[in-house]
Amino acid sequence: MKKKLILYELGKDGCVLWILASVAAIGYGLYHVLLSGLQLFLNRVADKLPIVRAGIDMIQNYAGGMEPDSKMKTLVKTAAEIVCKIANWILSLGQDISNEAARHGALVYGIVVAVGVISLLVAWDQLRRQERRFKRRFLPENLPRQFTNVSYEPKKRRSVDEPLCELGLLRNYERYYTANSLQGNYLGCPVSSEEIICGGVYGTKYTSYKVRVRGQWLTVMLDKPIRSTVILESRHSKNRLVHGKIAKTMMEIKFSNEQFSQGFRCFAEDPEVAAELLTTEFAEKLLAMQERYPDFFLVFQGDSMYVLVRRKSFDRRLEWLLPYTTWLIRREGFRLYGTLQDFTEMLMDPDIIEAGKAKNRSA
């Protein structure tokens, strides 16, 4: 295991050195481009330099004629000294180089800067690819043993499926991307998870409101289907997926549990199904889950439970300054899929967890 990690670490270190070399080339090129530009400027204003010096001498002479204790004298004298030092420093940077040689130097070092920028972009892309290769190779086997038959893809990409649109929560979408997509079984229950980000709109039949959706999208299969759709949304959610059409086509359910009503809004096509699903025990689990994940959206539809947990860490890279270790990849796996474990276990009875079978308690 350690030998395999070393190979990926060497690749990452090579990318980091490549990045540093590209940054050094960009800095070196910019320095000489600025010097060449300064030389062209000095060559152009060379005939006016005596006038500049005469102006500085005039200011100094004017300051010398003021009263000794005058604050204005001190200020003017200090300003004149600063201007004189700056002018002398700029002149010291100039060299006896013709305009043609200065233009040639600016062109050559400009090419160096351009090559350095391209090299930096390529090196940074290779570093990200190396991290994805590392995660793709080692993350599935370092997940908790409860995960089986895992397929994993860390790359950020344009999504083929738009579940929020398919469920009617968004009419259409803009920039729908996913990353860190995982499918497999958790304790025998089919599950999937991916980080998503999109700018969705409701459309004319919904509202004209645009919503920026981001977070972790979870799917957990139920052993028995739900007869009709039930939606739970954390109040004051930043994703705001409950819109006018849902409010018209579904019924908002009120609960006697004041704490639960303050934490969630519930919409259902059939109030009886919502009442069967949201038992007192299940409501307590949801409230406990809200303490850990303050902003989540939950949909029961058909044979699946869908969860959208608001996250700010979309597609976050591994800590590239740290050496690749088993601890690091396990930490990344827990960050990404600890949420999936929590929501899957929420549907399971304690005596069923060991057997590895999911059960919908309200079905």
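In the predicted model, G116 is buried, its relative accessible area being 3%, and this glycine is found in helix 4, which spans residues 99-138. When residues up to four places away in sequence are not counted, G116 touches S22 and I26. A further relation links G116 with Y28, for these two residues are 88 residues apart in sequence, while their C-alpha atoms are 9.7 Å apart in space.

The protein to which this helix belongs has 11 helices and 10 strands, and buried residues make up 43% of its 363 residues. Among the contacts between residues at least 6 apart in sequence, 71% join residues that are at least 24 apart. An example of residues distant in sequence is given by L167 and V299, which are separated by 132 residues in sequence and by 9.1 Å in space, C-alpha to C-alpha. L167 is found in the loop between helix 5 (163-166) and strand 3 (172-186), and, with neighbours within four places in sequence left aside, L167 is in contact with W217, Q301 and Y306.

In soluble globular proteins, nonpolar side chains tend to be buried together. In the present model, the largest nonpolar core holds 49 residues, of which L286, F296, L298, F300, M305 and F343 touch the most other members. Helix 10 (residues 326-346) supplies the largest share of this core, namely seven residues. A second, separate core consists of 19 residues, including Y176, V213, V299 and L308. As for L298, its contacts beyond the neighbours within four places in sequence are with V230, I231, L232, L286, M305, Y306, V307 and M346.

Helix 10 also packs with helix 9 (residues 280-292), at an angle of about 170° and with the two axes 11 Å apart. Because angles over 145 degrees count as roughly antiparallel, helix 9 and helix 10 are therefore roughly antiparallel to each other. The crossing of the two helices is right-handed. On the side of helix 9, the contact is made by F282, K285, L286, M289 and R292, and on the side of helix 10 by D342, F343 and M346. Sorted by class, the residues of this contact comprise five nonpolar and three charged residues, with no polar ones. L286 and F343, which take part in this contact, are also among the residues that touch the most other members of the largest nonpolar core.

A charged side chain was also examined in strand 6 (residues 230-234), where E233 is found. With a relative accessibility of 4%, E233 counts as buried. Apart from residues up to four places away in sequence, E233 touches R240, L241, V242, G263, F264, R265, F296 and F297; of these, F296 is one of the residues that touch the most other members of the largest nonpolar core.

Two asparagines, finally, have positive backbone phi values. Phi of N149 is near 50°, a positive value in a residue other than glycine, and N180 likewise has a positive phi of about 50° although it is not a glycine. The place of N149 is in strand 1 (residues 147-153), whereas N180 lies in strand 3. N149 is exposed, with a relative accessible area of 64%, whereas N180, at 0% relative accessibility, counts as buried.

Notes:
Residues numbered from 1 in each chain as written. Predicted model: local features only at pLDDT ≥ 70, side-chain atom pairs only at ≥ 80, totals over all residues. Heavy atoms only, no water. Core = buried A, V, L, I, M, F, W, Y, C linked by side-chain atoms within 4.5 Å. Buried < 20%, exposed > 50% of the residue type's maximum accessible area, 1.4 Å probe, protein only. Helix = DSSP H or I, 4+ residues; strand = E, 2+ residues; numbered from the N terminus. Contact = heavy atoms within 4.5 Å. Axes fitted to C-alpha atoms, helices over the stretch in contact; angles between N-to-C directions. Parallel < 35°, antiparallel > 145°, perpendicular 65-115°, else oblique. Left-handed = near helix turned anticlockwise from the far one by under 90°. Nonpolar A, V, L, I, M, F, W, Y, C, P; charged D, E, K, R; others polar.
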